[in-house]
Amino acid sequence: MESYFSKMLSGLESELAAYIKLPKRSHSVAIPIVENNILKHWDVEGSLVLLIGRAKWDDLEPGNQNKLKKAFETTLTRYFLEALAYYQGQPIRVSSVTLNEKKTRGWLRVLVEIDYLPSFPIDLKVVNKEQKWLLQDIRVQGIRYSKMKRNWYSEQLKVSINHLIAELENKNNSFFKTTKKVD
């Protein structure tokens with residue numbers, strides 16, 4: 001399992017190395033990196049269940065589930081692009097993998113190696129779905145994304161599912177509109 005994630009991170013790292021060497025970096029080049037190396041390995045539905053709860057997810061009509069998935073995928077893309085602005089070629093290494101007894105879920109710890117600071121650990125919740133390991137959540141210094149954002153998602157969902165989707169889309173559109181000037 002460590003080799004599976006090491007290979008995944010190695011692919012990401014090589015694409016990022018090529019990206020940061022570009023004289024002009026753009027979202028049109030970075031977005032395929034996100035799609036091929038992050039979204040392809042992310043359990044979007046599982047993350048949304050963590051954010052809004054299983055019962056609320058199951059109550060959504062399939063069309064709304066799909067709209068929410070799409071908005072959340074764009075949100076993940078935005079998060080990655082925001083983080084990419086700070087990436088300067090720091091190595092990212094698998095540190096450890098801890099799985100439950102059934103080997104169906106666990107935590108992957110990666111270290112971002114920084115020359116002038118101690119290595120920075122990032123924990124990623126992993127789940128095995130249909131014989132494929134997927135990322136589902138992120139934990140930095142003990143703070144899980146899903147727990148930190150759950151209240152915000154719940155508050156938006158109290159208004160309506162369309163409101164939640166619109167709020168995500170507004171944040172995403174605002175980011176892409178603002179950064180388009182940089183591209």
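The paragraphs below lead through this structure, from one helix to its salt bridges, its nonpolar core and its paired strands.

The model is a predicted one, in which local features need pLDDT of at least 70 and side-chain atom pairs count only at pLDDT 80 or more, while totals for chains, interfaces and linings use all residues. Residues are numbered from 1 along each chain as its sequence is written, and side-chain values use heavy atoms, with hydrogens and water left out.

A good place to begin is helix α1, which covers residues 2–20; helices (H or I, at least four residues) and strands (E, at least two) are DSSP runs, numbered from the N terminus. At 1.5 Å a residue, the 19 residues of α1 should span 27 Å, and the end C-alpha atoms are 26 Å apart, which agrees; the expected span is 1.5 Å times one less than the number of residues. Within α1, the residues Phe5, Met8, Leu9, Leu12, Glu13, Leu16, Tyr19 and Ile20 are buried, where buried means under 20% relative accessible area, exposed means over 50%, and partly exposed lies in between (1.4 Å probe, protein chains only). These buried residues cover an arc of only 135° around the axis, which puts them on the same side of α1, the arc being that of the directions from the helix axis to the C-beta atoms. An α-helix has 3.6 residues a turn, so residues three or four places apart point the same way. On the face of α1 turned away from the buried side are the exposed residues Ser3 and Lys7. The buried residues pack against several elements, including α2 (27–37), α5 (62–84) and β1 (92–99).

Helix α1 also takes part in a salt bridge, which is defined as a side-chain nitrogen of Lys or Arg within 4 Å of a carboxyl oxygen of Asp or Glu; by this rule the count comes to nine salt bridges. In one of them, arginine 93 meets glutamate 13 at 2.8 Å, N to O. Because arginine 93 lies in strand β1 and glutamate 13 in helix α1, the pair ties together parts that are 80 residues apart in sequence. Arginine 93 is partly exposed, with a relative accessible area of 38%, whereas glutamate 13 is buried at 16%.

A salt bridge of another kind of placement joins arginine 78 to glutamate 82, with the closest N and O atoms 3.7 Å apart. Both residues belong to helix α5, where, being four residues apart, they are separated by about one helical turn.

Turning to the strands, arginine 139 forms a salt bridge with aspartate 123 at 3.2 Å between the closest N and O atoms. Arginine 139 lies in β4 and aspartate 123 in β3, so the pair ties together parts that are 16 residues apart in sequence. Salt bridges that share partners join Arg109, Asp123 and Arg139 into one network.

The pairing of strands, which requires that DSSP finds at least two bridges between them, links β2 to β3 by eight bridges in an antiparallel arrangement, and tryptophan 107 has lysine 125 in β3 as its bridge partner. Strands β3 and β4 are likewise antiparallel, over seven bridges, and in their hairpin, which has two residues between the strands, glutamate 130 takes a positive phi near 55°.

Finally, the largest nonpolar core holds 49 residues, of which Ile52, Leu68, Phe72, Leu108 and Tyr153 touch the most other members; such a core is a set of buried Ala, Val, Leu, Ile, Met, Phe, Trp, Tyr and Cys residues joined through side-chain atoms within 4.5 Å.

Technical notes
Contact = heavy atoms within 4.5 Å.
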